Amino acid sequence: MKLTPYVDNLRREFLAAAAATGEEPHALAERLLLSLDASVRLTLLEVLSAATDEISREFAPGSVDIRLQGLDPSFVVTQPPAEPVPEDMAAPSPADPQVEGVPARINFRVPGPLKTRIEEAARQSGLSVNAWLVRAVNETLHAVPSPPQRRPSSGQRHVTGWVR
């Protein structure tokens, strides 16, 4: 998807409105547009990103991701798997007692080789990277044993639990 036609249209409309008020406002509008171009593009990307997040929530377990190639965004649609996903492998839903509230955004930075492995695992699972990560984190948190607990004291100091 090219943002340039949309940015150019906004530029034409802005300059036309400024030209109607005289030469000096038109010159000022041209100078302002130079600094507004990046801001307009960023705002459009934020709107597209918010839309893909909303679509992905409704489309789960499929997803829609937005990727930036140069200055232009593109959309990647991941279809839901053809076969039903076993319930114990399903991504958590808002009704899941372990997952409360609306989705929240996290910045997650990983080394390049790990990112590649995550993307490959998600692709093999037929999931978006986001859906795969949510599932992986949910499964990991459910698999973590509870922290060690002290038994009531009977004169001996004894701790049960796990050690890493």
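Trainee: Which are the buried residues of H1?

Mentor: Good place to start, and keep in mind that this is a predicted model. Buried here means under 20% relative accessible area. In H1, the residues that meet this cut-off are Val7, Leu15 and Ala18.

Trainee: How many degrees around the axis does the arc of these buried residues cover?

Mentor: An α-helix has 3.6 residues a turn, so residues three or four places apart point the same way. Val7, Leu15 and Ala18 are the buried residues of H1. They lie on the same side of H1, because the arc they cover around the axis is only 65 degrees.

Trainee: Which residues are exposed on the other side of H1?

Mentor: Exposed means over 50% relative accessible area. On the side of H1 away from the buried residues, the exposed ones are Arg12 and Glu13.

Trainee: Against which helix do the buried residues of H1 pack?

Mentor: Helix H1 spans residues 4-19, and its packing partner spans residues 23-59. From H1, the contact includes Val7, Leu15 and Ala18. The partner contributes, among others, Ala29, Leu33 and Val40. The helix that the buried residues of H1 pack against is H2.

Trainee: Is H1 roughly parallel or roughly antiparallel to H2?

Mentor: Two packed helices are described by the angle between their axes and the distance between the axes. For H1 and H2, the axes are 10 Å apart and the angle is about 155 degrees. Angles over 145 degrees count as roughly antiparallel. That makes H1, relative to H2, roughly antiparallel.

Trainee: What is the reach of H4 from its first C-alpha to its last?

Mentor: Helix H4 covers residues 129-143, which is 15 residues. At 1.5 Å a residue, the expected value is 21 Å, and the helix comes close to it. From first C-alpha to last, H4 reaches 21 Å.

Trainee: Which residues of H4 are buried, and which are exposed on the other side?

Mentor: The buried residues of H4 are Ala131, Arg135 and Asn138. Their arc around the axis is only 65 degrees, which puts them on the same side of H4. On the other side, the exposed residues are Asn130, Leu141 and Ala143.

Trainee: In what order do the elements of the protein chain run from the N terminus?

Mentor: Let's finish with the whole chain. The protein chain has 4 helices and 4 strands, and buried residues make up 17% of its 164 residues. Starting at the N terminus, the order of elements is α-α-β-β-α-α-β-β.

Technical notes:
Residues are numbered from 1 along each chain as its sequence is written. This is a predicted model: local features need pLDDT of at least 70, side-chain atom pairs count only at pLDDT 80 or more; totals for chains, interfaces and linings use all residues. Side-chain values use heavy atoms; hydrogens and water are left out. Helices (H or I, at least four residues) and strands (E, at least two) are DSSP runs, numbered from the N terminus. The expected span of a helix is 1.5 Å times one less than its number of residues. Buried means under 20% relative accessible area, exposed over 50%, partly exposed in between (1.4 Å probe, protein chains only). The arc is that of the directions from the helix axis to the C-beta atoms. Axes are lines fitted to C-alpha atoms, for helices over the stretch in contact, and angles run from 0 to 180 degrees between N-to-C directions. Angles under 35 degrees count as roughly parallel, over 145 as roughly antiparallel, 65 to 115 as roughly perpendicular and the rest as oblique. Contact means heavy atoms within 4.5 Å.
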